[in-house]
Amino acid sequence: MNLHVIDHPLIRHKLALLRDEKRSMPEFKKLLHEIGLLMAYEVTRELRTEPTVVKTPVAVAPSEKLIKHPVLVTILRAGIGMLNPFMEILPNSRVGFLGMNRDEETLQPHSYYNKIPMQALNNKVFLIDPMLATGGSALSALDFLAEKGVHDVTFICLVAAPEGVAAVHEHYPDVAIYTAALDEKLNEKGYIVPGLGDAGDRIFGTGDHENL
Ligand code: PRP
Ligand code: URA
């Protein structure tokens, strides 16, 4: 399967801290940012470079530079929490946004906004959303990108449910999924078990744990 569970001791450690229901909103955001940086390091491993030279104060150094900068696309709003570390490590990357939220009853995504840079057509796209639950939001985003002619997409999340991975790969087997954790299942309300709750609510301080 085209699924990569990033295995790194710091990610495992920080993810355990972040999942804790006692974690405060500022702590949650900071941990998400730190894990995002570590994930960005791993996910960018396959980017291609070309030779260049740089003049140091001492001599000319044979060096390497990225051939292309991937385009970052995030799913609002929880995606913002993981977008920032990727923007930090890839400052030349252009950024697109897809606004969608799940209907709490039907679990179907509702799209309310989109703006994607045209460079997504001929660059690798990193599609970023911390949670892959039923896969509805990811599939809607991938459908939107495919309709626009964007084909080289890597999906990056923090926590994935097996149901979401299967749904994405049933329709888009070529889309590589990178996650920090593959959890057990979904509960009857479509939340990932054990998961971390509602990512958007925990980043932005909205919502109520009683609803999960
Ligand atoms: C969350 C999350 C994903 C989606 C995953 O967003 O950020 O986009 O749920 O669930 P799915 O795989 O079942 O579609 P949510 O719809 O809660 O919106 P928010 O980011 O605005 O909180
Ligand atoms: N969205 C979230 O934020 N958390 C889940 O567990 C499922 C969807």
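Colleague: Which residues does Thr179 touch, if we don't count residues up to four places away in sequence?

Modeller: Keep in mind that this is a predicted model. Thr179 is found in strand E10, residues 176-182. Leaving out residues up to four places away in sequence, Thr179 touches Leu3, His4, Val5, Ile6, Met39, Cys157, Leu158, Val159 and Ala160.

Colleague: Is Thr179 buried or exposed?

Modeller: Look at the relative accessible area, where buried means under 20%. For Thr179 that value is 0%, so Thr179 is buried.

Colleague: What does the side chain of Thr179 reach?

Modeller: Here we're after a backbone partner of that side chain, at 2.9 Å. A polar contact needs a pair of N or O atoms within 3.5 Å. The partner is the backbone oxygen of Ala181.

Colleague: How far apart in space are Thr179 and Gly135, C-alpha to C-alpha?

Modeller: Along the sequence, Thr179 and Gly135 are 44 residues apart. In space, going from C-alpha to C-alpha, the distance is 13 Å.

Colleague: Let's move on to helices. Are H1 and H2 roughly parallel or roughly antiparallel?

Modeller: Helix H1 covers residues 9-19 and helix H2 covers residues 25-43, and the two pack at an angle of about 160° with their axes 10 Å apart. Angles over 145 degrees count as roughly antiparallel. So H1, relative to H2, is roughly antiparallel.

Colleague: And how many nonpolar residues are in the contact of H1 with H2?

Modeller: H1 and H2 cross in a left-handed way. H1 brings Leu10, Ile11, Lys14, Leu15, Leu17 and Leu18 to the contact, while H2 brings Phe28, Leu31, Leu32, Glu34, Ile35, Leu38 and Met39. Sorted by class, there are no polar residues, two are charged, and the nonpolar ones number eleven.

Colleague: H2 also packs with H3. Is H2 oblique or roughly parallel to H3?

Modeller: H2 and H3 pack at an angle of about 50°, with their axes 8 Å apart. Angles under 35 degrees count as roughly parallel, and 65 to 115 as roughly perpendicular. The angle here fits neither range, so H2 is, relative to H3, oblique.

Colleague: How many charged residues are in the contact of H2 with H3?

Modeller: H2 passes H3 in a right-handed crossing. From H2 come Leu32, His33, Gly36, Leu37, Met39 and Ala40, and they meet Gly81, Met82, Asn84, Pro85, Phe86, Glu88 and Ile89 in H3. By class, that contact has eight nonpolar residues and four polar ones, and the charged count is one.

Colleague: While we're at H3, is Met87 buried or partly exposed?

Modeller: Met87 lies in helix H3. Apart from neighbours within four places in sequence, Met87 is in contact with Leu72 and Val95. Buried would take a value under 20% and exposed one over 50%. Met87 comes in at 36% relative accessibility, so Met87 counts as partly exposed.

Colleague: Now the other helix pair: are H4 and H5 roughly parallel or roughly antiparallel?

Modeller: Helix H4 (residues 136-147) and helix H5 (residues 162-171) pack at an angle of about 25°, with axes 9 Å apart. The cut-off for roughly parallel is under 35 degrees. So H4 and H5 are roughly parallel.

Colleague: How many polar residues does the contact of H4 with H5 have?

Modeller: The crossing of H4 past H5 is right-handed. Ala138, Leu139 and Leu142 make the contact from H4, and Ala167, Val168 and His171 from H5. By class, five are nonpolar and none charged, and the polar count is one.

Colleague: Which residue does a cis peptide bond join to Leu76?

Modeller: Omega of that bond is about 0°. The partner sits in the loop between strand E4 (71-76) and helix H3 (79-89). The residue joined to Leu76 is Arg77.

Colleague: Which residue is joined to Val193 by a cis peptide bond?

Modeller: Here too, omega is about 0°. The partner is found in the loop between strand E12 (192-193) and H6. That residue is Pro194.

Colleague: Last one: what is phi of Leu107 near?

Modeller: Leu107 sits in the loop between strand E5 (95-102) and strand E6 (109-115). With a relative accessible area of 17%, Leu107 is buried. Its phi is positive in a residue other than glycine, with a value near 65°.

Methods. Residues numbered from 1 in each chain as written. Chains lettered and ligands numbered in written order. Predicted model: local features only at pLDDT ≥ 70, side-chain atom pairs only at ≥ 80, totals over all residues. Heavy atoms only, no water. Axes fitted to C-alpha atoms, helices over the stretch in contact; angles between N-to-C directions. Helix = DSSP H or I, 4+ residues; strand = E, 2+ residues; numbered from the N terminus. Left-handed = near helix turned anticlockwise from the far one by under 90°. Contact = heavy atoms within 4.5 Å. Nonpolar A, V, L, I, M, F, W, Y, C, P; charged D, E, K, R; others polar. Buried < 20%, exposed > 50% of the residue type's maximum accessible area, 1.4 Å probe, protein only. Polar contact = N/O pair within 3.5 Å; in protein donor to acceptor, adjacent residues only side chain to side chain.
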